[in-house]
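Trainee: I am new to this structure and would be grateful for a close look at a single part of it. Please take one helix and describe how its neighbours pack against it.

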Amino acid sequence: WDAAALRTRLAAGDWTVVEGAGVITAEDLAVGWLLAGYRFDRYRGEAPERPGPARLVLDPPPAALAVAEGVWFARSLVDTPSEDMGPEELEEVARDLAAAFDGRLVVVRGEALRTGGFPLVWAVGRASPREPRVLDLVFGPEDAPKITLVGKGVCFDTGGLDLKPPQLMRLMKKDMGGAAVVLGLARALLAAGIRARLRVIVPALDNAVSGAAFRPGDVLRSRRGLTVEVGNTDAEGRLALADALAAADEEDPALLVDVATLTGAARVALGPDLPALFTPDDVLAAELLEAGRQTAEPLWRLPLHAPYGEFLESRIADIDNAGEGRHAGAITAALFLQRFVSPGRAWAHLDVYCWNDRVRPGRPKGGEASALRPLFAAISRRLEEGRP
C-alpha cells in the first residue's frame, strides 16, 4: 500500500528500485503501483483524473502482473451496474475466460436447473425475467490436482419478498462479488501458469420480486436431498451456494473454496476490510491467515461453532435457511453451507464485502476483489509444494 501511494506522490519522470535499498520486494512494489492505477470509467463522458506522471521502470515477476490483472478484472465486474452485469453478461464473462485460457464452460439455464441438479438456484432465480443459470468452468489437465472455486453470483438482490430497505439495496449490484473474486482469482492463477485442474462454479441469478418469487415458509429440496424451509427470502445466497457446493463436492476436489458477500453480520463483526474465514481445517486456516499477513490483506477466522446449528432447526424440514434468532448470523450461514460439504473435505468459506467505502492508496472507492490476493498466495504455495 505504500507502493500504491507512491504512484501519485512521486515527481514526474522514470523511477526504479535500487537493490537492497529497502524491505519492499519487486513484486509488492509492482502490485501496489498497478492497483493504484485502477479506474472504472466505462460510464464517464470526460476522462477522469489519472495518477501522477511518474513512471515505474521495473521488470516485475509474472505473478505480480497476473495478480494485479485479476484484481482489476474482479473490481470492474463489481463496479458494473446490474443492468449491464446480469446473469447473461456474467455468462459471457465466463465464456471469454474459457476461450482465453483453453477452458470448457457448461451452462445450465432456466427450467433445466430444476431437473438438472440445481433446484435451489432455480427457486431463488425464477422470479426474474433474466434466466438464472449455473456456470461451470474447467481448466487444466485431468490428472492435475483438483481445486474448485465457488462464487456467489447474485447479480442483484432485492431481498425477495422479504424486501430490503432502500439504503441496503443501493449497493446490491455488488452481491455478485463472490463470483467476481473467484473469476478474477482463476484468471490470475491461469495467467501465472499454475498446473492444476481448476474448476469454477458460479450460480448466476437475480433475487427479484414477482408473482413467481419463492416465499417465506416454502420448503425446497436441494441437490443433496436435504429439505430447506425458507425462513427469510433475503438469505438467498446460501441457497444458491448450497447446490453449487454440493455439485463441487461430488467431484472430490483436493481443495474447495467458496467466496460470497453473504451476511451483514460478518461486516458488523469485522467491518469492511476483514473477510471472515470459516474452515474446519486448521492447517488450511493457518495457511490462509499467513497468506493474508504476507499480502497485507488480512483475513479473520471465525468459529464453525456446532452448537449454533440449533438456530437453523426447522419444525417441518431438515434445516431452515435463516432461523428465527438474530445471533451469530455469519456463523449460522457458514454452518448452513457446511451441511452441503462432505466431512473431512479441505474446505474454506469466505464471507466478504467486495467494496471500498472510502478512498485509500491502491483502493479507490468502489468494487474490491476481497481476499483474492491471499487466496492466490495460499493456493500458489500449496501447488509449489506439491500439495493442493
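Mentor: What follows is an account of one helix and the helices that meet it, with a short note on a pocket at the end. Please bear in mind throughout that this is a predicted model.

The helix I have chosen is α8, which covers residues 177-191. Two packed helices are described by the angle between their axes and the distance between the axes. I shall therefore take each partner of the chosen helix in that way.

Let us begin with α3, residues 62-79. The axes of α3 and α8 come within 8 Å, and they cross at roughly 155°. Because angles over 145 degrees count as roughly antiparallel, α3 is roughly antiparallel to α8. The crossing is right-handed. On the α3 side, the contact is formed by A66, V67, E69, G70, F73, A74, L77 and V78. These meet G177, A180, V181, L183, G184, R187, A188 and A191 of α8. Sorted by class, the residues of this contact are 11 nonpolar, 3 polar and 2 charged.

The next partner is α4, residues 87-100. Here the angle with α8 is about 10°, and the axes lie 11 Å apart. The two helices α4 and α8 are therefore roughly parallel to each other. From α4 the contact takes L90, V93 and L97, while α8 supplies A179, L183, A186 and R187. In this contact 6 residues are nonpolar and 1 is charged, with no polar residue.

The remaining partner to describe is α13, residues 372-384. Its axis comes within 10 Å of that of α8, and the two cross at roughly 45°. The helices α8 and α13 are therefore oblique to each other, and their crossing is right-handed. V181, G184, L185, A188 and L189 of α8 meet L372, L375, F376, I379 and S380 of α13. The class count for this contact is 8 nonpolar and 2 polar residues, with no charged residue.

Some residues of α8 recur in these lists. V181, G184 and A188 take part in the contact with α3 and also in the contact with α13. L183 and R187 meet α3 and belong to the contact with α4 as well.

Finally, a word on the largest pocket, which holds about 990 Å³ of space. Its lining has 35 residues, and D234, L262, T263, G264 and A265 lie nearest the centre. The elements that give two or more residues to this lining are α7 (166-169), α9 (237-250), α10 (264-270) and α12 (329-338). Of these, α10 provides the largest share, 4 residues. By class, the lining of the pocket divides into 11 nonpolar, 12 polar and 12 charged residues.

Key:
Residues are numbered from 1 along each chain as its sequence is written. This is a predicted model: local features need pLDDT of at least 70, side-chain atom pairs count only at pLDDT 80 or more; totals for chains, interfaces and linings use all residues. Side-chain values use heavy atoms; hydrogens and water are left out. On a 1 Å grid over the protein atoms alone, a cavity is a set of points where a 1.4 Å probe fits but cannot get out, and a pocket is an open set with protein on both sides within 12 Å along at least five of seven lines; lining residues have an atom within 4 Å of a point. Grid points are joined across faces, edges and corners, and a volume is the space filled by probe spheres set on the points. Ala, Val, Leu, Ile, Met, Phe, Trp, Tyr, Cys and Pro count as nonpolar, Asp, Glu, Lys and Arg as charged, and the others, Gly among them, as polar. Axes are lines fitted to C-alpha atoms, for helices over the stretch in contact, and angles run from 0 to 180 degrees between N-to-C directions. Angles under 35 degrees count as roughly parallel, over 145 as roughly antiparallel, 65 to 115 as roughly perpendicular and the rest as oblique. A crossing is left-handed if the near helix is turned anticlockwise from the far one by less than a right angle, and right-handed if clockwise. Contact means heavy atoms within 4.5 Å.
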